Amino acid sequence: METSKYKPQEIESKWQKVWAELKLDQTLEQSDRPKFYALSMFPYPSGSLHMGHVRNYTITDAIARFKRMEGFRVLHPMGWDAFGLPAENAAIDRNTHPAKWTFQNIEQMRSQLQQIGLSYDWDRELATCSPDYYHWTQWLFLEFLDAGLAYQKEATVNWDPIDQTVLANEQVDNDGRSWRSGAKVEKRKLRQWFFKITDYAEQLLQDLDKLPHWPERVKTMQANWIGKSIGTELTFSLSNADEKITVFTTRPDTVYGVSYVVLAPEHPLVQQITTPEYKESVGAFVSEVASISEIDRTAEDKPKKGVFTGAIAINPFTNQEIPIWIADYVLFEYGTGAVMGVPAHDVRDFTFATQYGLPIQQVIVSQGESQELKAAYTESGTMINSDRFNGLDSLTAKTEIIKYAEENGWGKARIQFRLRDWLISRQRYWGCPIPIIHCPECGIVPVPDADLPIKLPENIELTGRGASPLAQLESWVNVKCPSCGTPAKRETDTMDTFIDSSWYYLRFSDAKNPKEPFAKTKVNDWMPVDQYVGGVEHAILHLLYSRFFTKVLRDRGLLNFDEPFQRLLTQGMVQGLTYSNPQKEGKDKWISSALVNPADPRDPETGESLEVGYATMSKSKGNGVSPQQVIEKYGADVMRMFVLFKAPPEKDLEWDEADVEGQWRFLNRIWRLVTEFAEANPSITNVSNKNLTDKNLKRAIHTAIKEISEDLTGDYQLNTAISELMKLSNALQDSSDKSSNTYAEGIQTLLILLAPFAPHIASELWSMLGNNDCILTHNWLKHDPSALVVDEITLVIQINGKVRGNIQVPASSDKVALEEYARNSEVAQKYLEGKEVKRAIAVPGKLVNFVV
Ligand SMILES: [Zn+2]
């Protein structure tokens, strides 16, 4: 009889409909089951799903499906991070409205997600650009305002000249470029809104210890970004003026080696202290530095530049006169905006002093004597040339010098953070309006709760340039002050989209609540997220902001937990086969794989040979693989199996068509195994445990249950879980007796274990076996430890020292177990019948002797 063929396209759409009708993915609210909240970072609705999305969501889906089968009530939602510049830019390009463009994209991406068979509770879908969501973003903004954590100030900001907007520090990359447009970021002074994340710096740092299931790498990145240093503020007076300069240093032990003081060019003292003959050079330098990005100014490998101000400071410890300079590498926003220059003991100061001929005075030595310094000595050691501290160990001297400075009123110990307040206002249209009214009488007035949400006006002209588009709409801007009735103006800036995504995981717990952002009982029930999955590129942006939001809302009494994400998995990138022409430069060097013959890769324009390698899939490299096409060719289950099998979740994955084919063959093999079994309709014979073949199959079945259950717990070794499925399918294929009970158990087990990974084919084959329930609601399996036992020994049974027979028992049995096996054996029962056993002597690995 010919068996049916595996046709994924048919069965996948069929089962997706069935699951939707059965409402299998709906979140169970009323239940005494334990909760599990599985969440993937929600996407920006760009319009098309890429392989990176597929990987992220499939990992979370396999975990969510496993947890449901394990008996958890699972919350597995999906939404859209839908505000932001790309929609506004796309709308300008296409002469449409950002809302229209965004909602079209959402429709398209939702249907793409549904084709992958992801078990989302679509009843909880949210989009951050919908008024019923941003109503609560505005409400939360006012909570921050009320807590004194939202404020406005004039600030030097990162200005993106292409997108014509302000960027947060986190949105400027290491080359000083906008994370979005790639433009070289400039500095401007503007009045902006900030969130006071610095109030939580210490907690955000300390509580990293509460996250043992986060990747170390992410925690280190956050710790470095927060950048706590313990140092000292020291005050230097000026030789010919009343002003004082306060410097921040982490090395007070080097204070006797100070040979100059440096101010940031933006430091307000610069104008006051610069002497007339240096005004011109200082002025020129200040404007030169204003155009350089913070990153360039502080980069390790860039030369440091500076000029002398003509002013002189006095080192209070030595009474020495030291010159005051300004230099590009000192930032006004960091510390006090002034540092002391100790070239002998700081790498950067050494370079600077050598370049400008400033004195280099050594005050710490490693072994007793001072030698000629060829580079800065930055280690600890013994103090020299340091007056009363000479001979001390420099670590001890650090504490002693702080104490001495405090006694004399020259300075004090101080904790310093690198983290700056979060700049949250944007001069663009497609964002959440800031719910503030500026009144000439009352100043900043929050919009009353009853007037929320402040909706984005729809009839607006978008140009992509200049101030906020909202400012042009007078009918929207001009309002009466809600407090005194005076004509007033609305705030025209919108919020950074990272605010929208800082609380969306909370909203999923109560996504449709029209009265509050979320009910306390619901958010405290579902949160924290048990497993969060997303890209490591969010290590310091989204993940830090979300932790900050959680702590603030906890302190406002809205939540009862400290951290939003219990476990974090940062999945690796998906890399595609990439062709580049080494003869070409920049973007032109990448040749789209669609234009290349893989057997002989050449540049279609020039005929030159191409280099072949792997790189993260991207439009610019033309090395992407469309999920749509893979589904059309192989089906969603094969794609899911491939992305889960090809690499451990946290490692990069190379897209390899041959391995996709491998998964196609594997699912076809499972299809054959099960359909042949179903059609053979065997009359099951009860096989005794003594049959070795049967025992081996049983061991393979229970090993697979044990290993896959472990792989799906904790660190999620999803790739090895699929290897275990392959081993079990091999064992079934090789089994010589396909009509035994054990074989039937093996087939069923294979499908149950496969279900979280390839849910469509597992559902189809399960129903083909005549099961009426849906396999996805089946209980997960527990392994039988006795079936795993590999080695047996021959146990001799003696009665009064005489050998009467032997039996096979597990090798690992202890004395008690051996006696039990022996007593229950046929041999013993025959010889001991009607007799009283006085004692039994068990010799492990050998025999049991009954004395009667
Ligand atoms: Zn007013």
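A cavity here is a set of grid points where a 1.4 Å probe fits but cannot get out. Keep that in mind as you work through this predicted model.

**Exercise 1. Get your bearings.**
Work out which helix and strand counts the chain has, and what share of its residues is buried.

*Solution.*
- Step 1: Start with the secondary structure. You should find 27 helices and 33 strands in the chain.
- Step 2: Look at the overall extent. The C-alpha trace spans about 115 × 75 × 70 Å along its principal axes.
- Step 3: Now for burial. A residue is called buried when its relative accessible area is under 20%. Of the chain's 852 residues, 53% count as buried.
- Step 4: Check who touches whom. Take the contacts between residues at least 6 apart in sequence: 72% of them join residues at least 24 apart.

**Exercise 2. Hunt for empty space.**
Find how many cavities of 30 Å³ or more there are, and describe what lines the largest cavity.

*Solution.*
- Step 1: Here's the general idea: rolling a probe the size of a water molecule over the atoms shows where empty space is left.
- Step 2: Count them up. There are three cavities of 30 Å³ or more.
- Step 3: Go to the largest cavity, which has a volume of about 190 Å³. Its lining is made of 17 residues, and those nearest its centre are Gly 84, Leu 85, Arg 426, Asp 496 and Thr 497.
- Step 4: Ask which elements contribute. Helix 3 (85–94), strand 6 (165–167) and strand 23 (494–495) each give at least two residues to this lining. Strand 6 gives the most, with three.
- Step 5: Sort the lining of the largest cavity by class. You get six nonpolar, six polar and five charged residues.
- Step 6: Do it again for the second largest cavity, which holds about 40 Å³ of space. It is lined by Asn 691, Thr 693, Asp 694, Leu 697, Ser 735, Asp 737 and Ser 740. By class, that is one nonpolar, four polar and two charged residues.

**Exercise 3. Read a metal site.**
Identify the protein donors of the zinc ion, and say what geometry its site has.

*Solution.*
- Step 1: Find the donor atoms. They are the SG atoms of Cys 439, Cys 442, Cys 481 and Cys 484, lying 2.1 to 2.3 Å from the zinc ion.
- Step 2: Test the angles. Four donors count as tetrahedral if all angles lie between 85 and 135 degrees. The angles among the four donor atoms here are 105 to 116°, and the site is tetrahedral.
- Step 3: Write down the spacing of the donor residues in sequence: C-x2-C-x38-C-x2-C.
- Step 4: See what that does to the chain. Cys 439 lies in strand 19 (residues 436–439), while Cys 484 lies in the loop between strand 21 (478–480) and strand 22 (487–490), so this pair ties together parts that are 45 residues apart in sequence.
- Step 5: Compare their surroundings. Cys 439 counts as buried at 5% relative accessibility, whereas Cys 484 is partly exposed at 40%.

**Exercise 4. Look under the covers.**
Decide whether helix 24 is mostly covered or mostly open, and find what covers it.

*Solution.*
- Step 1: Count the buried residues. In helix 24 (residues 759–768), eight of the 10 residues are buried, so by the under-20% cut-off the helix is mostly covered.
- Step 2: Name some of them. Among the buried ones are His 760, Ile 761, Leu 765 and Trp 766.
- Step 3: Look for the cover. It includes helix 1 (8–22), helix 2 (51–69), helix 19 (636–645), helix 20 (657–680) and helix 23 (741–754).
- Step 4: Step off the end. Helix 24 is followed by Gly 770, which has a positive phi near 95°.

**Exercise 5. Spot the unusual backbone.**
Find where the cis bonds before Pro 453 and Pro 528 sit, and say whether Asn 319 and Tyr 716 are buried or exposed.

*Solution.*
- Step 1: Recall the usual pattern: most residues other than glycine have a negative phi, and most peptide bonds are trans.
- Step 2: Take the cis bonds. The bond from Leu 452 to Pro 453 has omega near -5°, and Pro 453 is in the loop between strand 20 (443–446) and helix 13 (474–477). The bond from Met 527 to Pro 528 also has omega near -5°, and Pro 528 is in the loop between helix 16 (520–526) and strand 24 (531–534).
- Step 3: Take Asn 319, with phi near 60°. Its loop runs between strand 11 (306–314) and strand 12 (321–327), and Asn 319 is exposed at 60% relative accessibility.
- Step 4: Finish with Tyr 716, with phi near 55°. Its loop runs between helix 21 (692–711) and helix 22 (718–734), and Tyr 716 is buried at 4% relative accessibility.

Definitions and conventions:
Residues numbered from 1 in each chain as written. Predicted model: local features only at pLDDT ≥ 70, side-chain atom pairs only at ≥ 80, totals over all residues. Heavy atoms only, no water. 1 Å grid on protein atoms, 1.4 Å probe; cavity = no way out; pocket = protein on both sides within 12 Å on 5 of 7 lines; lining within 4 Å. Points joined across faces, edges and corners; volume = space filled by probe spheres on them. Helix = DSSP H or I, 4+ residues; strand = E, 2+ residues; numbered from the N terminus. Nonpolar A, V, L, I, M, F, W, Y, C, P; charged D, E, K, R; others polar. Donors = N, O, S within 2.8 Å, 3.2 Å for Na, K, Ca; no water. Tetrahedral: all angles 85-135°; square planar, octahedral: opposite > 155°, others 65-115°. Buried < 20%, exposed > 50% of the residue type's maximum accessible area, 1.4 Å probe, protein only. Contact = heavy atoms within 4.5 Å.
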